[in-house]
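This report introduces a molecular structure to a reader who has not met it before. Please keep the sequence and the three-dimensional view at hand while reading.

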Amino acid sequence: MARPKIALIGAGQIGGTLAHLAALKELGDVILFDIAEGTPQGKALDIAESGPSEGFDATMKGTNDYADIAGADVCIVTAGVPRKPGMSRDDLLGINLKVMKSVGEGIKAHAPDAFVICITNPLDAMVWALQKFSGLPANKVCGMAGVLDSARFRHFLSVEFGVSMKDVTAFVLGGHGDTMVPSVRYSTVAGIPLPDLVKMGWTSQEKLDAIVQRTRDGGAEIVGLLKTGSAFYAPATSAIEMAESYLKDQKRVLPCAAYCDGELGVKDMYVGVPTVIGAGGIEKIVNITLNKEEQEMFDKSVAAVKGLVDACKGIDESLA
Ligand code: A3D
């Protein structure tokens with residue numbers, strides 16, 4: 001059986017890291033696409049040359065021609081621009097919306113059967129637009145943010161509790177922005193919910209609140225340190241986790257930006273929700289019940305995403 005084909009649209013910081021991880025995990029043959037001439041070709045060759053030492057079997061090809069993504073099983077989209085210090089993700093909307101249009105058309109023409117994972121910011125609005133531009137079924141187009149935001153939350157919690165990250169589960173709901181909702185009630189250490197750990201005296205409410213806020217600011221913290229771009233190692237790892245679940249039909253339960261048609265009270269929008277990812281794409285949205293306080297935070301986050309979606313409709317008439 002032929003290896004799966006993985007098309008990476010955008011060969012920048014995240015795109016290159018995605019290619020390397022896909023090769024190391026032998027998820028399939030990789031096509032790196034970018035409009036910058038030489039960049040995808042150079043990165044593909046560099047990664048291919050790590051193959052003899054790593055011993056992976058996967059081909060790498062860099063291209064500036066959409067025809068090369070033909071028949072891709074998975075497309076991971078990072079094309080566009082990242083933010084710089086002082087910028088919010090929302091500042092990227094105008095420029096990245098145009099990019100989503102060309103990427104959507106490229107995928108529609110050459111890889112209409114792919115499972116598409118968007119990473120380009122502002123994430124929830126860009127994945128919404130990408131689905132419209134590509135015309136692919138909504139269950140085959142999703143956005144990566146929740147796995148990353150949850151990983152940040154899990155990392156900070158594991159450091160606070162001094163336990164293995166493997167034993168910390170967490171998920172973050174809502175839009176991938178300042179209003180995201182790290183769910184304290186549904187996050188655990190070895191199955192013990194965080195509020196119970198506060199009651200047991202293992203941490204304090206103040207420390208937990210600070211971790212929640214640090215999670216919300218997780219992207220900005222890295223942008224502030226790097227100064228020239230945004231995070232790329234953990235974002236790439238998170239998207240690979242989603243792609244692997246699709247390719248291997250693992251049916252992982254992962255938070256991601258999925259198309260909601262009434263789930264959690266959200267209509268015709270992409271927003272971060274818990275999902276099951278398997279061979280059918282987004283096979284299920286886990287329709288959890290939120291308490292009053294969580295619902296308020298979630299509604300605020302959904303409203304922020306809606307503002308960005310409306311802005312997209314204002315910029316591109318075909319989306320209205
Ligand atoms: P960067 O290293 O600049 O790579 C972007 C690449 O896109 C560059 O190589 C560009 O040449 C290429 N590009 C630009 N326009 C086009 C086009 N029309 N078609 C094809 N390629 C194009 O950025 P990056 O890899 O660091 O980040 C990529 C995106 O991911 C940005 O929008 C970031 O804001 C976003 N991001 C999202 C998260 C989430 O958690 C959602 C995290 C980190 C970064």
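The sections below treat a sheet and its helices, one further helix, the salt bridges and the cysteines. The structure is a predicted model.

**The sheet and the helices on it**

Three strands make up an open sheet, arranged in the order β7-β8-β9 with antiparallel pairing. The edges are taken by β7 (168-173) and β9 (192-193); each has a single partner strand, so one side of each is left without a neighbour in the sheet. Between β7 and strand β8 (residues 181-189), the antiparallel pairing extends over five bridges. Within this pairing, Val168 has Val189 of β8 as its bridge partner.

Helix α8 (residues 205-216) packs on the sheet and touches β7 and β8, and its direction makes about 125° with that of β8. Helix α11 (residues 292-315) also lies across β7 and β8, running at about 135° to β8.

**Helix α9**

Helix α9 (residues 218-226) contains the buried residues Gly218, Gly219 and Val223. These residues cover an arc of only 135° around the axis, which puts them on the same side of α9. The buried residues of α9 pack against α6 (146-161) and against α8, the helix that also packs on the sheet. Just after α9, Lys227 adopts a positive phi of about 70°.

**Salt bridges**

The model has 16 salt bridges. The table presents some of them, with the N to O distance of each pair.

| Basic residue | Acidic residue | Distance, N to O |
|---|---|---|
| Arg214 | Glu221 | 2.9 Å |
| Lys251 | Glu283 | 2.9 Å |
| Lys267 | Asp261 | 2.7 Å |

How accessible are the residues in these pairs? In the first row, Arg214 is partly exposed at 41% relative accessibility, and Glu221 is partly exposed with a relative accessible area of 32%.

For the pair in the second row, Lys251 counts as partly exposed at 41% relative accessibility, and Glu283 counts as partly exposed at 34%. The salt bridge between Lys251 and Glu283 links distant parts of the chain, 32 residues apart. Lys251 lies in the loop between α10 (233-247) and β10 (252-261), whereas Glu283 belongs to strand β12 (residues 281-285).

In the third row, Asp261 is partly exposed, with a relative accessible area of 45%, whereas Lys267 is exposed, with a relative accessible area of 57%. Elsewhere, Lys25, Glu244 and Lys248 are joined into one network by salt bridges that share partners.

**Cysteines**

How many disulfides does the model contain? The count is zero. Cys75 is in no disulfide, and the nearest cysteine sulfur, that of Cys118, is 11 Å away. A disulfide requires two cysteine sulfur atoms within 2.5 Å, so the 11 Å between the sulfurs of Cys75 and Cys118 does not meet the cut-off. Cys75 is buried, with a relative accessible area of 0%.

Cys260 is likewise in no disulfide; its nearest cysteine sulfur belongs to Cys256 and is 9.4 Å away. At 0% relative accessibility, Cys260 also counts as buried.

How values were computed:
Residues numbered from 1 in each chain as written. Predicted model: local features only at pLDDT ≥ 70, side-chain atom pairs only at ≥ 80, totals over all residues. Heavy atoms only, no water. Pairing = 2+ DSSP bridges. Helix = DSSP H or I, 4+ residues; strand = E, 2+ residues; numbered from the N terminus. Contact = heavy atoms within 4.5 Å. Axes fitted to C-alpha atoms, helices over the stretch in contact; angles between N-to-C directions. Salt bridge = Lys/Arg side-chain N within 4 Å of Asp/Glu carboxyl O. Buried < 20%, exposed > 50% of the residue type's maximum accessible area, 1.4 Å probe, protein only. Arc of directions from axis to C-beta.
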